[in-house]
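New to this one? Have a look at the model below, and then we'll walk through a few of its inner parts.

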Amino acid sequence: MNTCSLCTVAPSSEEGELIWLGDDCRVILVNDADLPGFCRVIWNHHVAEMTDLSYGEREHLMTLVFAVEQAIRQVMKPDKINLAALGNMVPHIHWHVIPRYRDDAFFPGSAWSQRTQETSASAIEARQLLAKNLSAAVKSAITALR
């Protein structure tokens, strides 16, 4: 599918940073000013739905999602993690792994809901500093799976 933005392995600089690449999946640290530490686990091949994957592929993908979740929890110390696989706008399997805080701009709604509050600049800055450690933590968590 030529128009699928997720079929391109290297993200644009506006989208984020590629922090891990495997044969079937990759992990992107999303460039989101409101939600530092937001990661996306993307299936490398154009597949629209989880049930289009084999059982082994599903297990592999979810194992990676859980490894990314664990790394985010360890590094970012969020109040909650949100996992989402929407794909309404881009029908290509990808999971959002989002650290959430009671003071984030959208809490308690989803990361795509209306802003409910403003997060202090100092809290955002502290989370941005923590997020700089995510690449190494994600790589370590995925390496530990082998």
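Here is a quick briefing on the cores, a helix and one buried arginine.

Keep in mind that this is a predicted model. The largest nonpolar core has 31 residues, and helix 1 gives the most to this core, with 10 residues.

**The cores**
- Within the largest nonpolar core, the residues that touch the most other members are V27, V41 and L61.
- At least two residues of this core come from each of strand 1 (16-21), strand 2 (25-30), strand 3 (39-43), helix 1 (55-76), strand 5 (94-100) and helix 3 (134-143).
- Leaving out residues up to four places away in sequence, L61 touches C25, V41, W43, M50, L53, I93 and W95.
- There's also a second, separate core of 7 residues, and V30, F38, I98 and A105 are among them.

**Helix 1**
- Helix 1 is 22 residues in length and spans 31 Å from its first C-alpha to its last, close to the 32 Å expected.
- Its buried residues include L61, M62, L64, V65 and A67, and further along V68, E69, A71, I72, V75 and M76 are buried too.
- Right after helix 1 comes K77, with a positive phi near 50°.

**R127**
- You'll find R127 in helix 2 (residues 121-131).
- Is R127 buried or exposed? R127 counts as buried because its relative accessible area is 10%, and buried means under 20%.
- The side chains of R127 and D103 are joined by a polar contact of 2.7 Å.
- Not counting residues up to four places away in sequence, R127 touches P36, M76, Y101, D103 and T119.

Definitions and conventions. Residues numbered from 1 in each chain as written. Predicted model: local features only at pLDDT ≥ 70, side-chain atom pairs only at ≥ 80, totals over all residues. Heavy atoms only, no water. Core = buried A, V, L, I, M, F, W, Y, C linked by side-chain atoms within 4.5 Å. Buried < 20%, exposed > 50% of the residue type's maximum accessible area, 1.4 Å probe, protein only. Helix = DSSP H or I, 4+ residues; strand = E, 2+ residues; numbered from the N terminus. Contact = heavy atoms within 4.5 Å. Polar contact = N/O pair within 3.5 Å; in protein donor to acceptor, adjacent residues only side chain to side chain. Expected span 1.5 Å × (residues − 1).
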